[in-house]
Amino acid sequence: MSLMFTCDDKATLVAYLYDELDAQARLRVDEHLRQCAACAADVGALAGVRIELTQWAAPNVELGVTVVREDAPPPSATVLRPAPWWNTVPVWAQAVAAILVLAVSAAIANVQVKSGPEGFVVSTGWMTSTAGSVAPAVVPAPAGDAQWRPALIALEQKLRDGIRANKETGTVRAASRSEVDNATMARVRVLLEASETKQNRELAFRMTQLMGDINVQRRADLLRVEQAIGHTGVEVAKQRQQLNYVIRASTVPHE
Amino acid sequence: MAGDAESFNQLVLRWERPIYALAYRVIGRDEDARDVAQETFLRAFRALPGFKGQAKFSSWLYRIALNLCRDWIRRKKRTPVVQMPEDMDVIEMAADRGPVESIEDLVARNEMSRIVAEGMKLLPDEQRTAIVLKEYHGLTFQEIADLQGCPLSTVKTRLYQGLSVLRKHLESQGMTSFASGRAS
């Protein structure tokens, strides 16, 4: 820095403004400002700007930034995703829609459930009322029933015995327990698979029956429509003949 | 790892507000400033093993934040827009401050804040950043020069030019009451 402060030395003026000058340099600037009105006004104005700058406050916000381990679930992480459409429909509306679908399906299939001495009888289709000879479909006993029911009963008994034994002994060795658990789980898995297969078979049977009924009904409806159209065609032909007769009669020259 | 996270969270607690304020004043958008602040701490945490203490932790954080701000400005290719946060309510602010400041004073100060912010967005990025670091974060010329990667004299020039532009802007807004006084 030169011994004398000059008016164009803005870097020194800024250092003076921010009080980052050593004492000697500061004295030189002070001396200059006493003699130079322009530099004094400049420094005064810039100091005023600094005061005004203090008015600009950043918003007082809570960021709540927290670093968490990757394998731990984020405590309050907010992930913004578009809501699925079914989340925008109220629960009651969804329930009403489900009931409506079931009701319409049952009405289309004309599902009838009756209880009698033979147990529950489920019938579907529209032809049963007109064709009295058709007996309602009786749900047959599941074919695989005989296979899995005794096994299920045996398993239940086994489980009851095991629970009773546990209560009596109080403790069970971990190794034997795991073996029993594995065997039980295997049995349960087999039974579940058998049950699932049976249900699928029943569902396929019902669907086939339903489709058959619908086809029969559709054919009957088509036949009725064709008959109606044929009847209408005869009427139209008669009207056309009458019209032709009237036209011919009206075109006969008058004498 | 968990201990590192806990220790780092203490630092976050200490520095989240200054880093957010820096980002807000440099880029001028509340939401984006939040994002920059969060990203700053995320990057700092990832780079923490490489931080050997050769610089002050605050300077290191400022550098990360300023780089992110620079990226944001470059990516958006737009000047900062001064935007008050949506939840800023003058009445609530006055209530928070108690009887010390009246609502009229607060409104006037809010207006002043807006005018200053508008003036700041007139400045080039380098001048605005230099003024923010100096005025609101109290960094020395040398620290600003290190952060901005420029000579000391350039920092002083940026400050002088920036303050001069702000002075003209404030005068154009009818604020000429700061013609007196000397730097302390």
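**A tour of chains A and B**

Helix 3 of chain A and helix 8 of chain B are roughly perpendicular to each other. The model on your screen is predicted. To find this pair, select residues 37-53 of chain A and residues 152-172 of chain B. The two helices pack at an angle of about 80°, and their axes are 9 Å apart. An angle of 65 to 115 degrees counts as roughly perpendicular, which is why the pair gets that name.

Now show the residues that make the contact. From helix 3 of chain A, pick A:Ala45, A:Leu46, A:Val49 and A:Glu52. From helix 8 of chain B, pick B:Leu163, B:Leu166, B:Arg167 and B:Leu170. Colour them by class: this contact has 6 nonpolar and 2 charged residues, and no polar ones.

**The side of chain B that touches chain A**

Next, widen the selection from one helix pair to the two chains. How many residues of chain B are in contact with chain A? There are 45 of them, and they meet 34 residues of chain A. On chain B, the elements that give two or more residues to this side are helix 1 (2-27), helix 2 (30-47), helix 5 (103-121), helix 6 (125-135) and helix 8. Select helix 1 of chain B by itself, since that is the next stop. Helix 1 gives the most to the side of chain B that touches chain A, with 10 residues. Colour the whole of that side by class, and you get 26 nonpolar, 9 polar and 10 charged residues.

**The largest nonpolar core**

Keep helix 1 of chain B selected and turn to the largest nonpolar core, which has 58 residues. Within this core, B:Ala23, B:Val36, B:Ala65 and B:Cys69 touch the most other members. Helix 1 of chain B gives the most to the core, with 10 residues. In soluble globular proteins, nonpolar side chains tend to be buried together.

Centre the view on B:Ala65. Which residues does B:Ala65 touch, not counting those up to four places away in sequence? They are B:Ile19, B:Leu22, B:Ala23, B:Val36 and B:Thr40.

**Helices 6 and 7 of chain B**

Now select helix 6 of chain B together with helix 7, residues 141-148. These two pack at an angle of about 140°, with their axes 10 Å apart. Helix 6 and helix 7 of chain B are oblique to each other, and their crossing is right-handed. On helix 6 of chain B, the contact is made by B:Glu126, B:Thr129, B:Ala130, B:Leu133 and B:Lys134. On helix 7 of chain B, the partners are B:Ile144, B:Leu147 and B:Gln148. By class, the residues of this contact divide into 4 nonpolar, 2 polar and 2 charged.

**Each chain as a whole**

Finally, hide the side chains and colour by secondary structure. Start with chain A, which has 8 helices and 2 strands. Where do the strands of chain A fall along the sequence? The pattern is α-α-α-α-α-β-β-α-α-α, so look for them after the fifth helix. Chain A has 255 residues, of which 10% count as buried. Among its contacts between residues at least 6 apart in sequence, 50% join residues at least 24 apart.

Then select chain B, which has 8 helices and 0 strands. Its pattern along the sequence is α-α-α-α-α-α-α-α. Chain B has 184 residues, and 33% of them count as buried. Among contacts in chain B between residues at least 6 apart in sequence, 64% join residues at least 24 apart.

Methods:
Residues numbered from 1 in each chain as written. Chains lettered and ligands numbered in written order. Predicted model: local features only at pLDDT ≥ 70, side-chain atom pairs only at ≥ 80, totals over all residues. Axes fitted to C-alpha atoms, helices over the stretch in contact; angles between N-to-C directions. Helix = DSSP H or I, 4+ residues; strand = E, 2+ residues; numbered from the N terminus. Parallel < 35°, antiparallel > 145°, perpendicular 65-115°, else oblique. Contact = placed C-beta atoms within 7 Å. Nonpolar A, V, L, I, M, F, W, Y, C, P; charged D, E, K, R; others polar. Buried ≥ 20, exposed ≤ 12 C-beta atoms within 10 Å, placed from the backbone. Core = buried A, V, L, I, M, F, W, Y, C linked by C-beta atoms within 7 Å. Left-handed = near helix turned anticlockwise from the far one by under 90°.
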